[in-house]
Amino acid sequence: MRCKVLILSTDLSGGGAEYVARLMTDRIEHSICILFENKKSICPEKSRLYVVPGSQIDKRLFTLVRNILRLLYIQIIKLIYRPGITISHLEGPNIANLLSIGGGHRFIFVHNKLNSNYDGSNRFDNLKLFLARILYQRAHLVIGVSREICREMIEDYAVNQERVRYLANPIDTKTTKIMAQARFNDDRDLILETRYVVNVASFTDQKNHELLIEVYSQVIESQADLKLVLLGDGEKKCHIKNICTEKGIVINDLIVDEFNSDAQVYFLGFQSNPYPFVQHSQLFILTSYWEGLPIAVLEAMCLGKTLVLTDCSSAVREIMLGSDEDIDWARRDEAIRTDYGYMLQNPGETKDLLNYDLWERAINTILVDDKLRRECEKAAKAYAQYHDISILEERWENLFAR
């Protein structure tokens, strides 16, 4: 890009939005990047990096002060560099992008349905929703990573349809495949030699690990040697551990404990390289209530993993079924078999009525049917190529050149 580009993100070390921001800093020459925090001290090669000072303070008392500091810091950087384009990801950076003055054309990426992501129980979340309704209309372009998000922007946030674009998330297929061949030279390598299914997700309400543990507890009744590997951190991690313990499931947290071969569920925390764990798994499971376009799913497909997913977004439906139209689950009594695995009903408000046997049958079918699994793996690899960064990077160029 010929003009200076400013990129705003919460961090570069996470998945989803932060992953996309990281890809941008790696590929947009001479860009400037501002992060709210840099937990893993990532240093982009092609981008000048700034981290807002004091943003690591997370006490509620300082939340307002911290957000004002972020806004002022971004404003100063905009005035110094006078970028022609400012690109932001997620609500905090998006709101700061639109509240601050200047920065050229302002492009905001929306990675989740706002009405699902914020339940109204937190006053700062309510403030984000209020500001989004006022400010998102001011963006030069609002880019949704699913068509469902785009519809929400138009229908619920009054963004002019001409200013809304759908653009799927990219993945770096080449780097993912290379990193998947790595070894850790510690206890983590022992897990790779076991028979397991994997989930990569933060421990939050959205990701619904409760369903995952309930399903796993039933699957191991017929698959006694099957392990469950959980990658991610979050405020509900201890809660999920307690559920496992209550069900008599043996857990092993490799962050604090040595490897236990008798464990059934392994908690690995955040892994900067999760790909070997995905590569060696039997299948990839996602039990989320809602998603945008999950990067973890695309990366699992890149590594040829069969999927078992909830109907958690229009983007997931489009991947699994080739259409983002809603499914009338009330008329179905089975999981939906697709080229890539199985999709099942989103728990939503009917979680007490879920048929866990459907999950158990879907997972067991994949585990025992090697031919089916090979077919799904082949199809998944082929699909993932359509989301490769080499393709999406061209779309970025066309979009930002407007």
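Start by selecting Cys 312: with a relative accessibility of 5%, this residue counts as buried. Buried here means under 20% relative accessible area, exposed means over 50%, and partly exposed is anything in between (1.4 Å probe, protein chains only). You're looking at a predicted model, so local features need pLDDT of at least 70 and side-chain atom pairs count only at pLDDT 80 or more, while totals for chains, interfaces and linings use all residues. Residues are numbered from 1 along each chain as its sequence is written, and side-chain values use heavy atoms, leaving out hydrogens and water.

Stay on Cys 312 and draw a distance to the sulfur of Cys 150. That is the closest cysteine sulfur, yet it sits 17 Å away, too far for a bond. How many disulfides does a search of the whole structure find? Zero, taking a disulfide as a pair of cysteine sulfur atoms within 2.5 Å. Cys 244 is in none either: its nearest cysteine sulfur belongs to Cys 238, 12 Å off. Cys 244 is also buried, at 0% relative accessibility.

Cys 150 makes a handy stepping stone, so colour helix α6, residues 147-156, next. Helices (H or I, at least four residues) and strands (E, at least two) are DSSP runs, numbered from the N terminus. Besides Cys 150, the buried residues of α6 are Glu 148, Ile 149, Glu 152 and Met 153. What covers them? Show β5 (105-110), α4 (114-117), β6 (141-144), β7 (164-166) and α13 (314-321), which are among the covering elements; contact means heavy atoms within 4.5 Å. Just past the helix, click Ala 158: its phi is positive, near 55°.

Now for the charged side chains around α6. Pick Lys 113 and Glu 148, a salt bridge whose closest N and O atoms are 3.9 Å apart. A salt bridge is a side-chain nitrogen of Lys or Arg within 4 Å of a carboxyl oxygen of Asp or Glu. Lys 113 is in the loop between β5 and α4 while Glu 148 is in helix α6, so this pair ties together parts 35 residues apart in sequence. Buried or partly exposed: which is Lys 113? Partly exposed, at 23% relative accessibility, whereas Glu 148 is buried at 16%.

Add Glu 318 and Arg 147, whose side chains meet in a salt bridge at 2.4 Å, N to O. Glu 318 belongs to helix α13 and Arg 147 to helix α6, so here the linked parts are 171 residues apart in sequence. Glu 318 is partly exposed, with a relative accessible area of 24%, and Arg 147 is partly exposed at 33%.

Jump to helix α15, residues 370-384, where Asp 370 and Arg 373 lie three residues apart, about one turn of the helix. Their salt bridge has its closest N and O atoms 2.9 Å apart. Asp 370 is partly exposed at 40%, while Arg 373 counts as buried at 13%. Then select Asp 233, Lys 237, Lys 241 and Asp 253 together: salt bridges that share partners join them into one network. The whole structure holds 21 salt bridges.

Last stop: the surface. Select Leu 64, Ile 68 and Leu 72, a nonpolar patch with about 290 Å² of accessible area together. Patches are made of residues with over 30% relative accessible area and no salt bridge; like charges are joined within 9 Å, and nonpolar side chains (Val, Leu, Ile, Met, Phe, Trp, Tyr) within 5 Å. Accessible areas come from the Shrake-Rupley method with a 1.4 Å probe; for residues, only the protein chains shown count as cover. Zoom in on Leu 72, found in helix α2 (residues 63-81); Leu 72 is exposed, at 51% relative accessible area.
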